[in-house]
Structure formats: structure tokens, C-alpha cells
Amino acid sequence: MTPTSGHTWHRNPFPLSPVVRLGPMSDLGDARVRASDSGNAHIDTPLIADVEALVDDYFAPPAAGGRRGRAIALVGEFGLGKSHALRRTYQTIRARHTETATWIVDEPAQDMGRLYRDRLRGPGDTEQGKRAFEELVRDYYAYVTAGWVGAADDDPRRGTLREIATGLRDRVLDPDKVVSALRYDPEVIHADLRGTLGEVTEHRRFSTALALLLEAPFNRMVWNWLNGAEPAEALRERGITEAIGPSDGRPDLAAGIDRVFDALTVQGFLHGRVGQPYVLLLDSLEKVLDWPDDSRRAFMDAFERLINIYTSHGGLLVFCSSPDGLRALRQSVHERVVQLWPTGLDQDRTGELVARYLASGEETDGAEADGEEPSDPGPDPDSAPSPTGPFDDEALRLLHELTEGVPREVLKTCREAWQLSEDTAGLVRRVPGVTVLKAVRALHERVSYQRVLGDVHDALDLGQWRIASRDPVPARRTRSADGREEVLYWLSPAPNAYIAVVYTRSLLLADDVERIVTQVNGLRGAVRPGRFEALLVVNGLVSHAMQDRLGRSIGSRPLVYRQGGFPRHVHEALLQLERRLVEEGREEDLAELGERMRRNLEQQTAHLDEMRRNLAAMTLEVRPGTAGSAGTPVLATQSVRVTAEAEPAEELPGPVRRRFRDALAMLESVTRRVAGRSVNRRATATSAELSVLGCATLVRALTEDFRGAVATWARAAAPGTPTEVQLSELRRICREYESAVEVLPVHLLGNAEHQHPLTPARTVEVLAEEVWGTLSAPAVP
């Protein structure tokens with residue numbers, strides 16, 4: 001859809017701050033309000049349809065067992081329309097169920113007493129609501145009295161009492177007169193509250209207040225107290241000594257939270273007790289997460305009790321929360337709550353939202369221009385403007401992709417793009433896609449480069465990160481031509497390993513992503529493979545889809561700048577990348593060890609082939625005998641030639657030389673023993689014997705290599721106590737030998753040929769530990 005040529009728009013119809021609040025009266029009414037922060041447009045979404053279906057089900061005629069209570073949580077991140085859906089719920093209830101008692105909390109507050117007095121809206125806010133509540137108390141009085149009357153089975157007036165109970169339940173008889181005539185104590189109200197609401201404190205205050213509410217001298221006093229005021233002297237004399245919420249300046253906030261929730265619980269419970277629906281709407285539950293621990297726990301405990309009362313006694317509770325706020329509730333509460341999770345608008349609904357606000361703006365313009373001379377000649381009468389006004393198809397596509405359909409982001413971007421499109425007279429004719437891109441950058445790149453750099457610097461201080469002594473890549477290759485990308489720091493958390501902290505502005509288009517991927521891969525190619533990671537810090541906007549794409553392309557997800565706590569987020573991300581570098585280093589070392597093992601196995605195979613040939617050549621030779629003994633066989637075996645082992649390098653200390661000599665001699669004895677058994681049997685060696693010979697041969701080769709490496713180290717080591725660097729190298733040599741021996745089946749080597757406290761397997765397993773212990777010990781003068 002392309003805007004019709006010649007049309008102009010005069011006023012920005014998009015709200016300055018598209019945030020819905022349940023506090024102001026205008027936000028809850030139907031009247032359109034000029035410049036209302038919450039806007040004046042509405043579109044149907046799956047969330048609103050789901051909420052309305054649940055609300056309609058709640059108000060459906062109750063079953064024989066009574067009305068079923070329900071708690072509904074609208075859960076999601078900010079800007080997805082949760083508060084808007086909550087406001088629509090209120091409007092629906094007010095339009096279809098005018099007599100329903102409804103309490104509204106726009107957002108929790110630590111000082112719940114002040115909120116209860118000044119901001120919480122309920123039936124007592126109007127004279128009509130007060131009269132309805134007083135009638136409800138009468139019904140409740142009748143209900144409780146009927147229960148006591150009907151339960152008096154041992155009374156001789158049993159039949160008459162049952163008729164009285166029926167008359168009370170049917171509201172035919174006056175409960176005051178019945179109580180007076182039968183002389184029932186008003187304490188029955190207190191007993192009922194205490195028996196049913198066992199978890200609610202201060203029952204007696206409420207039972208006394210409810211009994212006095214119906215008496216003319218006390219009516220105003222009780223209402224003042226129910227609305228949050230301090231109790232009058234007459235109420236204090238009757239046990240009501242404190243306000244429902246603490247007075248201003250009183251520090252007992254936790255107690256105030258409990259008292260306010262007690263009041264909501266009792267007032268709601270009265271409706272459910274007599275079969276009347278009642279509703280509580282609460283917005284922004286997640287605000288509680290920022291409170292001190294005592295207040296937060298008190299609120300969550302009281303709120304969970306309220307959920308249980310509403311679901312158990314026929315109420316409807318609808319609240320909005322972030323995912324973190326929902327997780328703060330106990331798991332048992334989750335099972336009693338219906339969760340609705342809103343998502344971003346699809347592309348069609350994004351266009352519909354824009355069209356609704358444009359239509360709202362045109363209506364306002366028309367109302368204000370009535371009776372005035374128009375400043376613009378107006379559109380061609382033969383053509384009609386597009387529903388989405390000056391926003392062309394490319395603008396709408398980018399608007400949906402970049403905001404991911406989040407309604408609040410859509411409206412903020414539309415307002416900014418509109419302002420960027422105004423001419424000198426304040427008129428808008430077209431909002432193209434390029435203007436939407438400019439609007440997104442203007443909205444999301446409000447923080448300066450220096451501020452981001454400062455927070456990254458704070459993160460390095462937080463973790464005492466080591467900055468590389470030199471940049472592994474020349475500076476000219478770490479900056480883009482237009483200055484959109486730059487390597488802020490090269491970190492070196494391990495030798496020859498680097499983390500590049502890369503700064504970039506918003507990544508909005510596929511070309512932006514390709515550019516940064518090319519740059520990061522170029523940096524990776526200039527550093528040793530497997531020893532490089534990049535942390536991409538984005539000062540602006542990057543959609544979730546592009547974040548996923550970047551994560552796949554450069555190996556780590558970008559970190560989008562957010563004020564407050566960003567240094568900690570950078571530090572945590574760097575820790576993750578450091579761990580990855582360490583693991584990659586280990587994998588590289590294992591790969592090198594694997595390559596060495598492969599070469600050693602090839603060598604072992606060659607040794608095995610040679611041993612097979614030698615053993616096959618060991619045959620019986622029959623020599624001609626002397627006279628009288630011709631043909632007598634004489635056994636002649638090839639002797640197994642064992643070359644004398646050269647003495648270890650003289651640089652090795654005596655104890656180390658002896659350990660190597662003992663280990664090699666023991667391995668030689670294993671080889672000699674197995675070969676001798678095969679010769680004595682006059683047969684080729686079995687597969688098991690060849691496995692032992694192969695293992696012994698390979699371990700022998702590894703041990704000789706180990707001895708050579710240790711001898712080389714000893715020649716280079718400083719006299720006396722080795723340096724830390726030298727000890728680190730010795731530790732590496734010993735660990736490599738240990739790792740190689742661990743993967744071989746040394747248990748096949750069996751026992752020593754001569755009496756020895758260690759088996760061949762144990763000898764080579766502890767050899768590295770013994771060498772390390774001897775050579776790393778400080779020299780004794």
C-alpha cells in the first residue's frame with residue numbers, strides 16, 4: 001500500500017509515552033482524551049481474546065456447587081500490551097456486569113497504607129458502591145444467621161427454624177429482626193470469619209466493623225476506617241484500635257501490607273460467601289522485586305494468600321507481571337494460576353495498529369478544525385488516503401521487523417519517524433523506510449560512545465582483566481571506515497589467547513550483520529585458530545533474529561547496551577568467553593596428544609610386525625647326529641637378543657636416573673618373559689601375548705621419550721631452585737606422560753619378574769609423580 005499522492009497529515013497521532021496505567025480515571029473510561037499517554041486506539045489481539053474468553057467463562061451462570069474462582073496472570077516483557085489488556089478487562093466488566101465489585105491496584109507500593117487510602121479503587125469510592133456493600137453485609141449477616149438457625153437440630157422449634165433459615169437465604173426475612181427475636185449473638189460473624197479465613201489475622205476487627213456498619217450511629221465511622229483512616233474513638237472503645245494501613249511516616253511497612261491484604265481478603269470473601277462475583281485487577285507485580293527483602297517477602301506471602309482465597313471462594317483475580325515476577329511466586333501458586341503470555345504483533349496487526357492511531361488523529365484534527373479555515377488545500381476528492389497514511393510498504397515492513405511487533409516499540413518508532421518526516425510547516429506527506437531506520441537509530445543510540453567505553457572500562461576493573469601487552473592485529477584493521485565498529489580492547493586471559501571487545505552501533509539490516517561478521521572473522525584469521533573470541537557490544541538495536549544469526553556466525557551472542565548494571569553483564573560475558581578459551585586450549589592440547597598417540601601407535605604396529613616375524617623364525621633345527629645317532633633331533637633356539645640400555649643422561653640426579661632405570665628394566669622383563677613363553681611352546685605368539693608385547697613396547701618408547709624430555713629440562717634448569725617458568729614446563733612434561741599412560745592398557749603387563757613392591761603397571765603410573773616430586777623439591781644446602 002503506497003500513500004496516495006497529494007495527501008498530507010497535520011498532527012502526530014502517536015503518543016509521546018505509550019504506557020497504559022490503571023490509575024487515572026481517564027485511562028479506565030471510554031472517553032477519548034487528547035494527548036493521553038495510553039493512546040486512544042485498540043486492536044484485537046490473541047491475548048485480549050483469551051482474557052475475554054476466561055472472563056466470560058467466570059461470569060457464566062454458576063454451577064450447583066457455586067461460582068468457581070479463578071486467577072489469571074498476564075506474563076511477558078514490557079511493552080507487549082499486558083496493561084492494555086488489563087484495562088480492556090475492566091472496561092468489559094464495567095460494561096457487561098455493572099454491579100460487580102471491582103478493586104483496582106495500578107501497581108504495588110511499599111507503603112500499602114497510603115496506596116490503600118489514596119490510589120486503590122474499590123466499591124467504597126462511590127455512594128452507589130457503599131450502598132451495594134452495605135446490602136452485601138446484610139446478605140452476609142442473613143447467610144451466616146441462616147446457617148446457625150438451620151443447624152439448631154436439638155431445638156424444639158426445629159421446623160420453624162428451618163423455615164426461618166430458608167426465608168433468610170431467600171432474603172424474605174430481615175436478619176436484624178431474626179437475630180433480635182432469637183437472641184443470637186453477633187459473634188456469629190466473627191466465628192464465621194475465623195473458621196473460614198484461618199490464615200487472615202485480625203478477624204475480630206473486621207467482624208466488629210461489619211456488625212457496626214449497619215448501625216446508623218457508626219456507619220460513617222466504619223466507612224472512614226474501611227477507606228484507610230485512623231479509627232474514631234467510638235471504634236477504639238470497641239477494639240478497632242489501628243488503621244488498616246499504617247499512617248504516613250510509620251516504619252512498619254510489612255505490617256501495613258498484611259493489613260491491607262486482610263481488608264481485601266475479607267471484603268472479597270463476603271461477596272463469595274453470598275454467591276456474588278468479585279474482581280481484583282493488579283498491574284506491575286514485578287515492581288515488588290526491587291523492594292527490600294522484608295517488604296518483598298511480606299507482599300508475596302500476602303498476595304499468595306489472596307490468590308488462594310480468590311480461587312477457593314469464587315473471585316476473579318487478574319494481574320500483570322514480568323517473567324521474573326511470576327517466578328518469585330511459589331510453584332504451588334503457579335498451579336492455581338492460568339498463565340497467558342502475549343507475543344509481538346504479526347505484520348498485519350502492526351499495520352492495523354498504525355492505521356488505528358492514524359484514524360484517531362484524523363478524528364481529532366477534524367474536531368479541532370471544525371469551523372476553521374483549513375491551512376492546506378486537502379486531498380483530491382477523487383482519491384482516498386491509505387489506511388496506513390504516509391507509511392509506505394517498506395516502512396511498514398521495517399517497522400515490524402525492527403520492533404518485532406512489540407506494540408510499545410511500534411508506537412515509539414512511529415512517533416519518531418513522523419517527527420523526522422515533518423516539513424517546515426509541520427506537515428507530513430510520506431514516511432519511507434529509510435526514515436524508519438533513522439528513527440530506530442535515534443531512539444536506541446541515545447548513549448554516547450564515551451559512556452559505553454566507560455562502562456566497558458569499569459567491567460575490566462571489576463574483573464581485573466589483563467589487557468594484552470600488544471595488539472595482535474594492527475589498529476588500522478580493527479576499525480571500520482565509517483567508525484561504526486571498533487575494537488575497544490584486546491584482552492589476554494591466557495598465554496597466546498585473546499578476547500576482542502568490539503564496539504558497534506545498531507545492526508538493522510542484513511548488510512550490517514555481514515559487515516560485522518566479515519570484520520570479526522578477519523580478526524580471527526589473524527590470530528591463532530582456536531585462541532580467539534569476540535565480545536560484540538552493541539550501542540543501539542539488534543533484533544533477536546539477528547542476535548541468533550550473529551551468534552551462529554561469530555560464535556557468541558552480542559551484548560546490547562543497557563544502562564544500569566552493564567559493567568557486571570560485560571564481566572560475566574567475558575568470564576564465559578574465558579572459560580571457552582580454556583576449554584578450547586584443552587581440546588587443542590588433547591588433539592596434539594592424540595596426534596602423538598597416533599604416531600606412537602603406528603610405531604607400535606611396526607614393532608608388532610617385526611616381533612611376529614622374529615617369533616615365526618624361532619623353529620626347531622634338526623642337526624645330523626654322530627654315528628649311531630643319525631636323525632636325532634637337537635633343539636636349537638634363536639636367542640632373543642637384548643641390547644643393553646644406554647645409561648640415562650648424566651644431567652639427571654641420581655634418584656631420577658634410578659627410577660627411570662628400574663622402570664625400563666621392568667618393562668624389559670615383561671617383554672623377555674612373554675617372548676620366552678612363546679619360544680618354549682615352539683609356536684607363534686597368541687593375540688593376547690602380542691597385545692602385552694605391544695603395550696610394553698609402546699610404554700617403553702613413551703618412557704624413553706619422557707626420560708629424554710626430563711634430561712633436556714634438567715640441562716636447561718637453573719642450578720638450585722628452579723624458576724616458576726621452569727617448574728611450569730616440568731609440570732607440563734610430567735602431565736603429558738601421565739595422560740599418555742592413562743589411556744594405555746598397562747594392567748596387561750602383569751607382575752614383576754623378580755620380587756618387587758610395585759607391579760609394572762603401578763611403576764609407570766607413579767613414575768611422573770616421583771620425577772616431579774624429586775625435581776620440584778627445593779635444593780637442600
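This is a short dialogue about terms used for this structure.

Mentor: The model is predicted: local features need pLDDT of at least 70, side-chain atom pairs count only at pLDDT 80 or more, and totals for chains, interfaces and linings use all residues. Residues are numbered from 1 along each chain as its sequence is written, and side-chain values use heavy atoms, without hydrogens and water.

Trainee: Why is Phe14 called buried?

Mentor: Buried means under 20% relative accessible area, exposed over 50%, partly exposed in between (1.4 Å probe, protein chains only). Phe14 has 1%, so Phe14 is buried.

Trainee: Why does Arg238 count as partly exposed?

Mentor: Arg238 has 39% relative accessibility, between the two cut-offs, so Arg238 is partly exposed.

Trainee: What makes Phe14 and Trp418 an edge-to-face aromatic pair?

Mentor: Rings of Phe, Tyr and Trp (its six-membered ring) pair if their centres lie within 6.5 Å; planes under 30 degrees apart count as stacked, over 60 as edge-to-face, the rest as tilted. Here the centres are 6.1 Å apart and the planes 65 degrees, so both tests are met. The two residues are 404 residues apart.

Trainee: Why are Tyr449 and Tyr503 called edge-to-face?

Mentor: Their planes are 90 degrees apart and their centres 5.0 Å, so they pass too. Tyr503 is buried at 4%, while Tyr449 is partly exposed at 27%.

Trainee: What makes Arg67 lie over the face of Tyr58?

Mentor: A charge sits over a ring if NZ of Lys or CZ of Arg is within 6 Å of the ring centre and within 35 degrees of the ring normal. Arg67 is at 5.4 Å from the ring centre of Tyr58, so the distance fits.

Definitions and conventions. Helices (H or I, at least four residues) and strands (E, at least two) are DSSP runs, numbered from the N terminus.
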